[in-house]
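Trainee: I keep meeting labels such as perpendicular, cavity and pocket in structure notes. Could we go through one example and check how each label is earned?

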Amino acid sequence: MKIGLFIPCYVDVVYPQVGVAAYKILKHLGLDVDYPLNQTCCGQPMANAGFENQATPLAEKFEEKFKSFDYVVAPSVSCTAFIKLNYPRLLKGKHQCTTSDKIMDIVEFLHDVVKVDQRLGTFPHKVSLHNSCHGVRELGLSSPSEKNVPKFNKIKDLLELVDGIQVVEPERPDECCGFGGMFAIEETAISAQMGRDKVERHIQTGAEYVTGPDCSCLMHMAGVAKKEGLNIEFKHVVEILAAGL
């Protein structure tokens, strides 16, 4: 199978090490992965701000860029969810959307398609797991607490393949961190307080690091921690899976 690696714009600019780690883990598993050049934003910021007409051309470009791949894999649950759920509507009447069926978050891809069962990296630290809203409720990476369903967590399953790691979860494990894209801009005070509450719950676990599948959530909480002078660090899950490989 041919895999196209999609690195969202904010990951490319702010957290390039996450893109490198994603490529590294896919290659380590012997997969046929390519990184198409001249990628652009998926259009999520424009659409969330009410400017869908500006997001549609980006959806068309994304379709063209990734049409030849069997899977499109991204280390970002929010961008993945936007493409999967919104591209068919944005492209309706233009052409049939194909990438919405191909796009997968890297956690979902490794867990459900590759079905990784070998030992991965080494990370001898206590890590608190952050379950991002998009991952829980739109991509099904973990079981939502508001539903009476058997508990599962694909992120935790993968992290348990890392040597030396101790994975814990905070109280109210799938509560929002307060980022929410435009929400953090339009409702700054509420967003900041939600972030403080979430970081404090992660710290109460005694963890050295917080990890999760979306850099936007980690970025928000890292900003809160830095402003408040809180001693905890943040790493995307693929950085931990690829550590030491």
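Mentor: Sure, and keep in mind that this is a predicted model. Let's start with helix H11 (residues 188-204) and H12, which pack at an angle of about 85° with their axes 9 Å apart.

Trainee: What makes H11 roughly perpendicular to H12?

Mentor: Angles from 65 to 115 degrees count as roughly perpendicular. The angle here is about 85°, so H11 is roughly perpendicular to H12.

Trainee: Which residues make the contact of H11 and H12?

Mentor: H11 brings Ser191, Ala192, Gly195, Arg196, Lys198, Val199 and His202, while H12 brings His220, Met221, Val224, Ala225 and Glu228. Sorted by class, the contact of H11 with H12 has 5 nonpolar, 4 polar and 3 charged residues.

Trainee: And H4 with H5? Why are those two called roughly perpendicular?

Mentor: The axes of helix H4 (residues 52-66) and H5 cross at roughly 105° and come within 10 Å. Set that against the range of 65 to 115 degrees, and H4 and H5 are therefore roughly perpendicular to each other.

Trainee: How do you know which residues of H4 and H5 meet?

Mentor: Contact means heavy atoms within 4.5 Å. On the H4 side you get Glu52, Ala55, Thr56, Leu58, Ala59 and Phe62, and they meet Ile83, Tyr87, Arg89 and Leu90 in H5. By class, that contact of H4 with H5 has 7 nonpolar, 1 polar and 2 charged residues.

Trainee: Now a pair with another label. Why is H2 called roughly parallel to H7?

Mentor: Helix H2 (residues 16-28) and helix H7 (residues 106-114) have axes that come within 12 Å and cross at roughly 10°. Angles under 35 degrees count as roughly parallel, so H2 is roughly parallel to H7. H2 also passes H7 in a left-handed crossing.

Trainee: What classes of residue make up the contact of H2 with H7?

Mentor: It's made by Ala22, Ile25 and Leu26 of H2 together with Ile106, Phe109 and Leu110 of H7. Ala, Ile, Leu and Phe are among those that count as nonpolar, so the tally for the contact of H2 with H7 is 6 nonpolar, no polar and no charged residues.

Trainee: On to the empty spaces. What makes something a cavity and not a pocket?

Mentor: In a cavity, a 1.4 Å probe fits but cannot get out, whereas a pocket is an open set of points. A search of the whole structure finds 1 cavity of 30 Å³ or more. The largest cavity has a volume of about 40 Å³.

Trainee: Which residues line the largest cavity?

Mentor: Asn38, Gln39, Thr40, Leu58, Lys61, Phe62, Lys65 and Phe66. By class, its lining has 3 nonpolar, 3 polar and 2 charged residues.

Trainee: How much space lies in the largest pocket, and what lines it?

Mentor: There's about 490 Å³ in the largest pocket. Its lining has 24 residues, with Gln44, Ser78, Phe179, Gly181 and Ser216 nearest the centre. By class, you get 16 nonpolar, 7 polar and 1 charged residues there.

Trainee: And what about the second largest pocket?

Mentor: About 220 Å³ of space lies in that one. Among the 15 residues that line the second largest pocket, Ser143, Lys151, Phe152, Glu169 and Pro173 are the closest to its centre. Its lining has 4 nonpolar, 5 polar and 6 charged residues.

Conventions: Residues are numbered from 1 along each chain as its sequence is written. This is a predicted model: local features need pLDDT of at least 70, side-chain atom pairs count only at pLDDT 80 or more; totals for chains, interfaces and linings use all residues. Side-chain values use heavy atoms; hydrogens and water are left out. Axes are lines fitted to C-alpha atoms, for helices over the stretch in contact, and angles run from 0 to 180 degrees between N-to-C directions. Helices (H or I, at least four residues) and strands (E, at least two) are DSSP runs, numbered from the N terminus. Angles under 35 degrees count as roughly parallel, over 145 as roughly antiparallel, 65 to 115 as roughly perpendicular and the rest as oblique. A crossing is left-handed if the near helix is turned anticlockwise from the far one by less than a right angle, and right-handed if clockwise. On a 1 Å grid over the protein atoms alone, a cavity is a set of points where a 1.4 Å probe fits but cannot get out, and a pocket is an open set with protein on both sides within 12 Å along at least five of seven lines; lining residues have an atom within 4 Å of a point. Grid points are joined across faces, edges and corners, and a volume is the space filled by probe spheres set on the points.
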